[in-house]
Amino acid sequence: MQIHFTKMQGAGNDFVVLDETAGRLGLTAAHYRFLADRHFGVGADQILTVRPSPAEGLDFEYVIHNADGGEVEQCGNGARCFARFVRDKGLTASDTIRVQTKSGVIAPRLTPDGRVTVDMGRPVFDPARVPFDTAGLVPVDHGSGQKWPLALDLIASDATVLVAVASMGNPHAVQLVDDVDTAPVALTGPLIENHPRFPQRVNAGYLQVVDRGHVRLRVFERGSGETLACGTGACAAVASGIRLGLLDATVQVDTRGGRLTIAWSGDEADSVFMTGPATTVFEGQIDLPDTLS
């Protein structure tokens with residue numbers, strides 16, 4: 001089967017975008033893994049699919065698959081690329097669109113400077129809704145937020161890290177580090193992602209506070225490994241930092257792939273807004289093998 005695709009990136013977080021507005025391609029988890037493979041496929045952190053509006057008042061449905069083939073709830077950098085894609089392809093003439101995701105409705109908006117702003121919805125800090133199992137744990141209060149002790153099995157010894165847990169439609173565990181360049185992302189990222197206290201696994205964020213309006217961030221993403229940027233990870237990290245009393249309402253987030261701007265009032269009734277780039281890299285056709293496992 002031959003399909004058309006568009007390769008896009010937002011702050012280095014890269015995607016294969018598929019248009020299913022005219023009909024479903026019928027892809028399997030193995031197909032998504034093949035497309036994401038950087039040696040045999042196109043190569044991507046996630047596969048994004050554009051589908052027709054599922055209900056009145058919505059413009060499109062937005063479906064996200066990670067590099068491991070699993071469907072996930074949300075991808076913030078992908079949402080910006082999604083908005084750029086549907087506008088550039090003439091699928092909409094609107095600057096603002098309403099999009100259904102697995103975790104709810106989001107509203108990306110194209111800005112005059114070429115970037116895209118996304119209303120990412122309200123952050124969730126209730127551990128049960130992240131979800132995060134707190135049984136037997138005693139949190140450390142910090143500002144108006146909490147940090148939770150998470151025991152990690154490091155083969156030869158046990159270690160405990162303190163994480164702020166949050167959901168931006170998908171689960172995040174954010175820890176403060178002195179320097180993201182030396183943070184043990186490759187070592188502890190997989191342990192946090194697959195920790196039994198996170199029944200749906202989790203994105204592991206490593207947050208360095210430079211000052212109240214500027215942070216550096218690395219994220220080990222659930223199902224994809226470390227990526228150059230993670231939009232929902234940036235939102236969760238900044239919202240957590242604001243709750244912990246460390247950050248102001250608007251923060252510049254430097255990822256390894258570029259800069260994102262995150263804004264949140266600190267009121268849990270208000271949405272988090274993310275602004276950043278969205279760029280088309282190339283387009284092409286690819287033959288998907290008939291048999292994949």
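So, let me start with the yardstick for cysteines: two of their sulfur atoms count as a disulfide if they sit within 2.5 Å of each other. Keep in mind that what we're looking at is a predicted model. By that rule, the count here comes to 0 disulfides.

Let me show you two of the cysteines. Cys81 is in no disulfide, and its nearest cysteine sulfur, that of Cys75, is 8.0 Å away. With a relative accessible area of 0%, Cys81 is buried. Then there's Cys230, also in no disulfide; the nearest cysteine sulfur is again that of Cys75, this time 6.8 Å away. Cys230 is buried as well, with a relative accessible area of 3%.

Okay, on to the aromatics. How many aromatic pairs does the structure hold? There are 6 of them, and I'll walk you through two. Take Phe60 and Phe82: the ring centres are 6.0 Å apart and the planes stand at 75°, so we call that pair edge-to-face. Phe60 is in strand β4, residues 60-66, while Phe82 is in helix α2, residues 76-88, so this pair ties together parts that are 22 residues apart in sequence. Both ends are tucked away: Phe60 counts as buried at 6% relative accessibility, and Phe82 counts as buried at 1%.

The other pair I picked is Phe125 with Trp264. Here the centres are 5.9 Å apart and the planes are at 45°, so the pair is tilted. Phe125 sits in the loop between β8 (116-119) and β9 (140-142), and Trp264 sits in the loop between β17 (258-263) and β18 (273-276), so here the pair ties together parts that are 139 residues apart in sequence. Phe125 and Trp264 are both buried. Phe125 has another neighbour too: Arg243 lies over the face of its ring, at 4.2 Å from the ring centre.

Going back to Phe60 and Phe82 for a second, those two belong to a cluster: ring pairs link Phe60, Tyr62 and Phe82.

Now some backbone oddities. As general background, most residues other than glycine have a negative phi, and most peptide bonds are trans. So where is the cis peptide bond with omega near 0°? It runs from Val130 to Pro131. Pro131 lies in the loop between β8 and β9, and that is also the loop that holds Phe125.

For positive phi, have a look at Ala11, which is at about 55° although it's not a glycine. Ala11 is in the loop between β1 (2-10) and β2 (13-19), and at 4% relative accessibility it counts as buried. Arg201 is another one, with a positive phi of about 60°, and it's not a glycine either. You'll find Arg201 in the loop between α3 (185-193) and β13 (203-211). Arg201 counts as partly exposed, at 29% relative accessibility.

Next, helix α1, residues 29-36. Of its 8 residues, 6 are buried, so this helix is largely enclosed by the rest of the structure. The buried ones are Ala30, His31, Tyr32, Phe34, Leu35 and Ala36. And what covers them? The cover includes β1, β2, β3 (46-52), β4 and β19 (279-287).

Last topic: salt bridges. A search of the whole structure turns up 19. My pick to begin with is Glu73 with Arg222, at 2.5 Å, N to O. Glu73 is in the loop between β5 (71-72) and α2, and Arg222 is in the loop between β14 (214-221) and β15 (225-227), so the pair ties together parts that are 149 residues apart in sequence. Buried or exposed, those two partners? Glu73 is buried, with a relative accessible area of 14%, and Arg222 counts as buried at 5%.

Then have a look at Asp113 and Arg115, whose side chains meet at 3.2 Å, N to O. Asp113 is exposed, with a relative accessible area of 52%, and Arg115 counts as partly exposed at 31%.

Arg256 and Asp181 also meet in a salt bridge, at 3.9 Å, N to O. Arg256 is in the loop between β16 (250-255) and β17, with Asp181 in the loop between β12 (171-176) and α3, so this bridge ties together parts that are 75 residues apart in sequence. Arg256 is partly exposed at 46%, and Asp181 counts as partly exposed at 44%. And to finish, there's a network: salt bridges that share partners join Lys7, Asp14, Arg38 and Asp45.

Conventions
Residues are numbered from 1 along each chain as its sequence is written. This is a predicted model: local features need pLDDT of at least 70, side-chain atom pairs count only at pLDDT 80 or more; totals for chains, interfaces and linings use all residues. Side-chain values use heavy atoms; hydrogens and water are left out. Rings of Phe, Tyr and Trp (its six-membered ring) pair if their centres lie within 6.5 Å; planes under 30 degrees apart count as stacked, over 60 as edge-to-face and the rest as tilted. Helices (H or I, at least four residues) and strands (E, at least two) are DSSP runs, numbered from the N terminus. Buried means under 20% relative accessible area, exposed over 50%, partly exposed in between (1.4 Å probe, protein chains only). A charge sits over a ring if NZ of Lys or CZ of Arg is within 6 Å of the ring centre and within 35 degrees of the ring normal. Contact means heavy atoms within 4.5 Å. A salt bridge is a side-chain nitrogen of Lys or Arg within 4 Å of a carboxyl oxygen of Asp or Glu.
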